[in-house]
Amino acid sequence: MDTRLGEQLAALVIKEIQDAYLKGKIVKTNDCVDDMLREGLFEADVEKVIMGATSIEKAMPATSQKASSLKNTHYVIYGESTKCLNIYCKLCSNFHPVTDEFLEWRLTSFCIR
C-alpha cells in the first residue's frame, strides 16, 4: 500500500476516534477500567492520549470467539500521561454481527508501557 494512503487512512481513523471521544461515545470495557485502576491512570490521561494522537497502529483484526463481527479491528495509540509516563491505549471498532453496521468504539486497554 502507498505510504501516503496509509497515512491518510490513519488520520481518518484518528479523527473518527477523537470525534467519538468528544461525543462521549467510547465505551470502556471492564478490562480497561481494571487497567486504569491498577496503573493509577485517570480520564484526563485517556483524553490526553486520544485527543493528542498523531499516529495509530492497526494491531489486528478481532478474531476471538467474542468478536461479534469479522470487521472488528484493534488499534493502538501510544502517548504520554499527565504525569509524563509512556502509555498506550487499545481501541476496538465494534460492528453488528449480522448487519455489519458500525456500533461503537470500545476502549479495551489503557496501560503504562
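**Cysteines, core and a loop contact**

No disulfides turn up in this structure, which is a predicted model. Two of the cysteines are worth a look for their surroundings. Cys-84 has a relative accessibility of 55%, so it counts as exposed, the cut-off for that label being over 50%. Cys-92, on the other hand, sits at 9% relative accessible area and is therefore buried, since buried means under 20%.

Next comes the nonpolar interior. The largest nonpolar core takes in 22 residues. Ile-17, Ile-26, Cys-89, Leu-91, Trp-105 and Phe-110 are the ones with the most contacts inside that core. Both helices and strands feed into it: helix 1 (3-22), helix 2 (30-39) and helix 3 (43-51) each put in at least two residues, and so do strand 3 (73-80), strand 4 (86-95) and strand 5 (102-112). Helix 1 gives the largest share, with five residues.

Ile-17 shows how some of these pieces meet. With neighbours within four places in sequence set aside, Ile-17 is in contact with Ile-26, Ile-50, Ile-56, Leu-91 and Trp-105. Of these partners, Ile-26, Leu-91 and Trp-105 are also listed among the core residues with the most contacts.

The last stop is a loop residue. Thr-29 is found in the loop that runs between strand 1 (26-28) and helix 2. Leaving out residues up to four places away in sequence, Thr-29 touches Arg-106, Leu-107 and Thr-108. With Thr-108 there is a specific atom-level link: the Thr-29 side chain reaches the backbone oxygen of Thr-108 at 3.5 Å.

Technical notes:
Residues are numbered from 1 along each chain as its sequence is written. This is a predicted model: local features need pLDDT of at least 70, side-chain atom pairs count only at pLDDT 80 or more; totals for chains, interfaces and linings use all residues. Side-chain values use heavy atoms; hydrogens and water are left out. A disulfide is a pair of cysteine sulfur atoms within 2.5 Å. Buried means under 20% relative accessible area, exposed over 50%, partly exposed in between (1.4 Å probe, protein chains only). A nonpolar core is a set of buried Ala, Val, Leu, Ile, Met, Phe, Trp, Tyr and Cys residues joined through side-chain atoms within 4.5 Å. Helices (H or I, at least four residues) and strands (E, at least two) are DSSP runs, numbered from the N terminus. Contact means heavy atoms within 4.5 Å. A polar contact is a pair of N or O atoms within 3.5 Å; within protein, one must be able to donate a hydrogen and the other to accept it, and residues adjacent in sequence count only if both atoms are side-chain atoms.
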